[in-house]
Number of protein chains: 2
Amino acid sequence: MRRVTLDDVASLAGVSPITVSRVLRKPDSVSEPLRQRVNSAVKELGYVPNIAASRLASARSHAIGVIVPTLYNVIFAEYLLALHEILVDAGFQVIVVNSRYSEIEEENAIKALLGQRVEAVIIAGIHHTTHARQLLTRAHLPVVETLELSQDPIDINIGMSQESAGRAATQHLIQRGFKRIAFLSGNLDHRSQSRLDGYYLAMREAGLEDFELVTQRPRHSSIALGSALCAEMLNCMKMPEAIFCTDDNLALGAMQECRKRGIGIPYNISIIGFHDLEFAACASPSLSSIASRRYETGKLAAEKVLAAIHASTRPAVERIDLGFEVKARESTGD
Amino acid sequence: MRRVTLDDVASLAGVSPITVSRVLRKPDSVSEPLRQRVNSAVKELGYVPNIAASRLASARSHAIGVIVPTLYNVIFAEYLLALHEILVDAGFQVIVVNSRYSEIEEENAIKALLGQRVEAVIIAGIHHTTHARQLLTRAHLPVVETLELSQDPIDINIGMSQESAGRAATQHLIQRGFKRIAFLSGNLDHRSQSRLDGYYLAMREAGLEDFELVTQRPRHSSIALGSALCAEMLNCMKMPEAIFCTDDNLALGAMQECRKRGIGIPYNISIIGFHDLEFAACASPSLSSIASRRYETGKLAAEKVLAAIHASTRPAVERIDLGFEVKARESTGD
DNA sequence: GTGAAAGCGCTAACAT
DNA sequence: ATGTTAGCGCTTTCAC
């Protein structure tokens, strides 16, 4: 049961192999009659081109590698959606690899992508192993690091300051007169850590005492996790006046837990989340949050990559701050 | 800036190319001294094997194709997680393609995957274009259709009866004495449609009148969508006694909307969702739901694929019903 | 345990 | 507009 090859199609159509190749890739360069003969031969044989052979011969993969830490988080789903919309339309295959929040796995992902000769790499995050960074630099292809701001980008860096955003969220609570402000997070990835740093900064600036609860928990299902963490906090500590949750899912879970215990929001406790997920605006009470621009980040990353590929040079080092926005809503008394 | 090839490594190490190839793939078959020389040459040159060449020469891709309708839904994230865990450990690359709930895009996805010579295809869903089905059959590789039960599987089918589950959810409400039972859904994909069929069936069996609200809306952000749909329903129709939401996100949104309007759950309206997402058990009130086994589905699909690849034959047609479970909780008065 | 030769299935470059 | 030739970078097969 040999697979059908381009040569088989050529024989059946009575043309040379290269003509078949042309019909498939640039049909306009082949005359109508030949094109028709080739197309019917393709159909008759059920020919499907071998992409590996094509990639080898043309030295182009038409593939772009994307590394995300997880698929469990809508943030990355929205980011990937934007990337896909643009890159697939431009004729590229998007190869998504999951690093599971591990720099070692990220390095392996990079090796796998380079092995596939992707034409660019887009990474969520700016922290890599030394070797990973070396691999990316040596590969001489466009690299976009996203979602955070880097002091020292490899090529292009598109993101926001997670620390400033964490500071802004905390300041939002401080401005409303709260002093006992808690910070709630599950596992701390780099981005959450930066938000925590921003929290510390704002608290210190205001002369307030820190009061964080960070736990090592599985990352997914964070509404449930938010309830659990909130319960833990309320059981073990003096009640805070306000809570800054490192993401909206945690915040929603915390709100549910408070409701269950008859703690009024924002009357007894104010809560602010992060990312401004779509349910935040329509929750009851509506949830204050920090809006992050992950869709725009993905879109811009894709556009920059396409531009760099067309320019066929590595882009100049560039850092783009897409910023964030404080969304003041009912859960913090607005 | 020519890329480093296996031949370059061979020259530097002073061995033949095939030895380099062996060191990389079956290090045990090469003597210690040569292996070391090769490995240092690899490191020195920063050699990264060209996978396209490897796939072409070996006629094996070590890749498995997976088609899902969206990445926006945790259901598929959990399903993919299971697939990844098993297939990546077994040395396969998992190529995920997104059909965006379109059979045409699914067909294109299948072509793309076959072009990459994937060694098996795992598809969420059982509905394909005629041509897509033909492509899969002719490709002579293991095919697993999942998440629904098919009358006529291509090879292996692992799933549950969405219709029975929809019927069971409705019966759960009927047994609690409700008569005005609403069905709430955004866009109807095949699985939601089957749940709706189950709803119709149960209502007819009980001699009750249908009362569904199905809308054409964007699919993501369904907590927000659930609030919106619930509001629409409460504004336009006589108030139902119970609502069956086609997924837990919609149900949570509906609960939020009811709360906002001072409608007590389950005192004024009972609500049941679908999928038993992790927040269902910890919502307040806790949300009744139908537990689907998507993780197990992914796991079993991966295992069946590995078995079929090792057996190097297409598997016999097989249909596995993984079932579902009714989770009775506070939102329906339990 | 190691190597030489041949070829996987395409496409680039150069004819015609 | 179509064909010829050569080769992409690996692995297979067979020999030593």
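This is a short group-meeting talk on a predicted model of two protein chains, A and B, with DNA strands C and D.

Hi everyone, thanks for coming. Please keep in mind throughout that we are looking at a predicted model.

Let me start with how the two protein chains sit relative to each other. In general, two copies of a chain are related by a rotation about an axis and a shift along it. Here, chain B superposes on chain A after a rotation of 180 degrees, with 0.0 Å of shift along the axis and an RMSD of 0.1 Å. The two copies are therefore related as by a two-fold rotation axis. If you want to find that axis on your screen, look for B:Ala52: among the residues of chain B, its C-alpha comes closest to the axis, at 2.3 Å.

And through what surface do the copies meet? Of the interface residues of chain B, 98% are interface residues in chain A as well, so the copies meet through the same surface.

Now to the DNA, beginning with strand C. There are 25 residues around DNA strand C, and the closest are A:Leu6, A:Ser21, A:Tyr47, B:Thr19 and B:Ser31. Notice that this list draws on chain A and chain B. Which part of the strand does the protein approach, sugar and phosphate or bases? Of the strand C atoms within 4 Å of the protein, 71% belong to sugar or phosphate, and the rest belong to bases.

Let me walk you through some individual contacts on strand C. At the backbone of the DNA, a phosphate oxygen is 3.4 Å from a polar backbone atom of A:Asn50. At the bases, the side chain of B:Arg22 places an N or O atom 2.7 Å from a base oxygen. B:Ala57 also reaches a base oxygen of strand C, this time with a backbone N or O atom at 3.4 Å. As for secondary structure, the elements giving two or more residues to this surface are α2 (17–25) and α4 (51–58) of chain A, along with α2 (17–25) and α4 (51–58) of chain B. The largest share is from α4(A), with five residues. By class, the surface near strand C has 13 nonpolar, nine polar and three charged residues.

While we are at α4(A), stay with A:Asn50 for a moment. Besides its backbone contact with a strand C phosphate, A:Asn50 caps the N-terminal end of α4(A), with a side-chain oxygen 2.9 Å from the backbone nitrogen of A:Ala52. Just after this helix, A:Ala59 takes a positive phi of about 60 degrees.

On to strand D. DNA strand D is surrounded by 23 residues, and A:Thr19, A:Ser31, B:Leu6, B:Ile18 and B:Ser21 are the closest. Sugar and phosphate make up 67% of the strand D atoms that come within 4 Å of the protein. Which side chains reach a phosphate oxygen here? A:Thr19 does, with a polar side-chain atom at 2.6 Å, and A:Ser31 does as well, with a polar side-chain atom at 2.6 Å. A base oxygen of strand D is 2.7 Å from an N or O atom in the side chain of A:Arg22. The elements giving two or more residues to this surface are α2 and α4 of chain A with α2 and α4 of chain B. Here α4(B) gives the most, with four residues. The residues near strand D divide into 12 nonpolar, nine polar and two charged.

Let's leave the DNA and look at cavities. The count is three cavities of 30 Å³ or more, and I'll pick the second largest, which holds about 50 Å³ of space. Its lining is A:Val94, A:Ile95, A:Val96, B:Gln93, B:Val94, B:Ile95 and B:Val96. These come from β2 (93–98) of chain A and β2 (93–98) of chain B, and β2(B) gives the most, with four residues. By class, that lining has six nonpolar residues, one polar and no charged ones.

Finally, some backbone details in chain B. B:Ile265 and B:Pro266 are joined by a cis peptide bond, with omega about 5 degrees, and B:Pro266 sits in the loop between α11 (248–260) and β9 (270–272). The bond from B:Ser284 to B:Pro285 is also cis, with omega near 0 degrees; B:Pro285 is in the loop between β9 and β10 (289–292). And B:Tyr101, in the loop between β2 and α6 (103–115), has a positive phi of about 60 degrees although it is not a glycine.

Thanks, everyone!

How values were computed: Residues numbered from 1 in each chain as written. Chains lettered and ligands numbered in written order. Predicted model: local features only at pLDDT ≥ 70, side-chain atom pairs only at ≥ 80, totals over all residues. Heavy atoms only, no water. Near = heavy atom within 4 Å. Polar contact = N/O pair within 3.5 Å; in protein donor to acceptor, adjacent residues only side chain to side chain. Nonpolar A, V, L, I, M, F, W, Y, C, P; charged D, E, K, R; others polar. Least-squares fit on C-alpha atoms with pLDDT ≥ 70 in both. Contact = heavy atoms within 4.5 Å. 1 Å grid on protein atoms, 1.4 Å probe; cavity = no way out; pocket = protein on both sides within 12 Å on 5 of 7 lines; lining within 4 Å. Points joined across faces, edges and corners; volume = space filled by probe spheres on them.
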